[in-house]
Amino acid sequence: MTVENFVFQGLIGLSLAMYLWLVSAGLTLAFGVLGVLNFAHGSLYMVGAYLAYTLYGRLGFDFAVSVVLAVLTVGILGAVVERLLFRPMYRLDTAFQLILTFGLVLIFSDLAKLIWGGLFVIPPVPGIFQGTVPVLGRSFPVYNIFVITAGIIVALVMGLVLERTWWGKTVRAAAADREMAAALGLNISKVFVLVFAAAAMLAGLGGAFSIPVRVVDPGTGTALIVQAFIITVIGGLGNLRGAFVGSLLVGVLSAYGTLLFPVFELFIIYLLMAIVLLVKPEGLFGR
Amino acid sequence: MRRISRREFLSGAIAVGAAGTLAACAPTQAPTQPASQAKPLGVDTIKIGAMGALSGAHADYGRQINMGLELAKEEINAGGGILGSMIETRMLDEELKADVGVRNARQLVQDWGAHFLVGVDSSGVAMAIGPILPELDRVFIFTHAATHRLTEELVYDKKIKHIFRISVPVYQDAIVAAYVFRDKLPQARRFATIGADYEYGRAVWALFKEYMKRFRPEAEFVGEAWAPFLTTDFSSHIAAVMATNPDVIVATPWAGEGVTLLRQAVQLGVFDKIQAWWQAMGGSVDVLEGVKGEVQANAFKGKLWATARYIFNYPDTPENKAFVEKFRQRWARLPNYSAETTYSAVYAIKAAVEKARSLETSKVIAALEGLTLKTPAGDRYIRPEDHQAVYSVPAGRVIMDPNKYPIPFIGADLVILKPEDYYRKPPFEPIKF
């Protein structure tokens, strides 16, 4: 095993991590603020992927335009879901929320089957992602560089908005104590709908970004949501910093697991989760 | 003279009317179904239960199983059924999970009353269903699941005679691959796998190594990476295997996962470095549709080799042409191999039941053993020892020719081996993996 191969595998792991981060960021944001453990996050990812596929692959829009339109649409869908379905649920037991979001998974999956058919789809590779960059004597995909950049930008923007802006303060106040924040005159229901729309947009972004290299089918998002849950558990439920670090750990470790222990690489992620749960049950960054 | 009451008149009129109706029907019914022996099997319908993957990235295989099943049913019923009994079908989703498959089999037989079972995509599911068949007392004709252990261990060693397989097993995915690289790539030394992380992928890699080593003692098996079902990112698997500088990569993820894998391999520049990529189930219609853009753009640089348990462009026979034509008319798609194998399985049931003139499991088993059948894929012979159908399918490079087909097909450097060259024969030496 040469040093070059080792570093290269780490870069592949980094792009995997940033891709997982895009998905787990929205999941953990929704939980942190709204307190909703949204199983249907993977479905929003799927809708983003299908919309981007339709716009780019079928209707011939530019890839960037398709991604933006898909993300905005999923955001609106998220706002509608929050207003109509989640709002009456906040007062009820968490179990009802779980049943609701799980029901949404089934409904979205069947709707996708009705609209796009049961067969997977994949569009042609957009021109900008064709080709590779030589890295350490090997070929690194332009696409992966793009995903790494997007992940870092999303992390920076989220960090800045939440830490440095009035809006961020409002969101954090609502997350910390929604009744106190409401008593102080903050419009909690507005915060909730916007935060959930933002979380949905992150899911949609993950999905829309995925279509150049992944097939989309009505089950897309199921496997990803499991990984995103592992990441949020490792990082601490509802903690964005935790989700970022958790994504890095899972992405990079699974890439190295594949390289160094090909026979039981899956085991490594679950081992990581087990250790975190034993040592710090609230997650690395959990309170 | 007695007056005819209204009631008598009416009943008389009905009787005459009924007789007239019967008389009108008689000429059309009598010749084909004399009342005494209309249903020699004693049932109105023969129920064939099926299962396959109907959800997720592998869903097209189940759908194609269903298309083949329905087409065969429609043809046979239009021709008067099997000895006068019509075929009825029911299809369930196996979800690629062993426990779901076992539950489906029980439900189809015990609740619905299936006489025969066909289908199954996953080898893991097939290995779980096999052992419960004697208890259900039904024949199961597997039409896709490919592990050699199904027929070698469960039928030949353990004598579970209820299992039959109409599709060629991993002898094709693995042993044909070894022949192809022996003959077509004499320079290839370093072999690696990106494998489907379950029974099927493990079996292919073990068998491939065994035969490649036999053909080329200096062959080295340099790398392996295993991807379970639901993998959506293969880049770490590809990068890990490429770190070992392979000449040839043997890949067994199938369906949508195969398409994702190939797309990501192109992205990682794999086809600039290797001599050949063997996509074991790359000759499957959904995969060929999925990689159409890459084949057209020559992204695989002519290095994509594939096979399938049947492919629409082979053999060049009237039976196959007719089948492909009927299938395209009925479903507006080209038939995948799971459609052809299931279609042929229904015809095998028909032939066996007509031979046995019974639905009794033991009699149908006896009739299926040694059966020869003309099918779209060519002549099939069901070996009595292991209940494996023997026939030949090609391997070769994937090319595009819009003048012939709307999607890519296995059309260049065709390697067509005689089944006796690459089918393992009883007694089977176990393969370690």
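Student: Quick one on chain B. How much area does it expose, and what share do carbon and sulfur atoms supply?
Tutor: Chain B exposes about 16,300 Å², and carbon and sulfur atoms supply 52% of that. Keep in mind that this is a predicted model.

Student: What box do its C-alpha atoms fill?
Tutor: Along the principal axes, the C-alpha atoms of chain B fill roughly 110 × 50 × 35 Å.

Student: And how many helices and strands does chain B have?
Tutor: There are 16 helices and 15 strands in chain B.

Student: What percentage of its residues count as buried?
Tutor: Chain B has 433 residues, and 61% of them count as buried.

Student: What about contacts in chain B with a separation of 6 or more? How many of those come from residues 24 or more positions apart?
Tutor: Such residue pairs account for 73% of those contacts in chain B.

Student: Switching to the interface. What area is buried between chain A and chain B?
Tutor: About 2,800 Å² is buried between them, with 58% of it from carbon and sulfur atoms.

Student: Which residues in chain A lose the most area to chain B?
Tutor: They are A:Leu119, A:Phe120 and A:Val213. Together they give 18% of what the chain A side buries.

Student: How many residues does each chain put into the contact?
Tutor: Chain A gives 36 residues and chain B gives 36 residues.

Student: How many salt bridges are there between chain A and chain B?
Tutor: The count is one. A:Arg214 pairs with B:Asp233, and their closest N and O atoms are 2.5 Å apart.

Student: And how many residue pairs are in polar contact across that interface?
Tutor: Twelve pairs, with both residues at pLDDT 80 or more.

Student: Which element gives the largest share of the side of chain A that touches chain B?
Tutor: Helix 1 of chain A, with five residues.

Student: How does that side split by class?
Tutor: The side of chain A that touches chain B has 22 nonpolar, nine polar and five charged residues.

Student: New topic: A:Glu163. Where does it lie?
Tutor: A:Glu163 is in helix 5 of chain A, which covers residues 142-164.

Student: Why does A:Glu163 count as partly exposed?
Tutor: Because its relative accessibility is 44%. The partly exposed class runs between the buried cut-off of under 20% and the exposed cut-off of over 50%.

Student: What is A:Glu163 in contact with, leaving aside neighbours within four places in sequence?
Tutor: A:Arg172 and A:Arg241.

Student: And how far apart are A:Glu163 and A:Gly185?
Tutor: They are 22 residues apart in sequence, and their C-alpha atoms are 20 Å apart in space.

Technical notes
Residues numbered from 1 in each chain as written. Chains lettered and ligands numbered in written order. Predicted model: local features only at pLDDT ≥ 70, side-chain atom pairs only at ≥ 80, totals over all residues. Heavy atoms only, no water. Helix = DSSP H or I, 4+ residues; strand = E, 2+ residues; numbered from the N terminus. Buried < 20%, exposed > 50% of the residue type's maximum accessible area, 1.4 Å probe, protein only. Contact = heavy atoms within 4.5 Å. Buried area = accessible area lost by both parts, 1.4 Å probe. Salt bridge = Lys/Arg side-chain N within 4 Å of Asp/Glu carboxyl O. Polar contact = N/O pair within 3.5 Å; in protein donor to acceptor, adjacent residues only side chain to side chain. Nonpolar A, V, L, I, M, F, W, Y, C, P; charged D, E, K, R; others polar. Areas by Shrake-Rupley, 256 points an atom, 1.4 Å probe, with all protein chains shown as cover.
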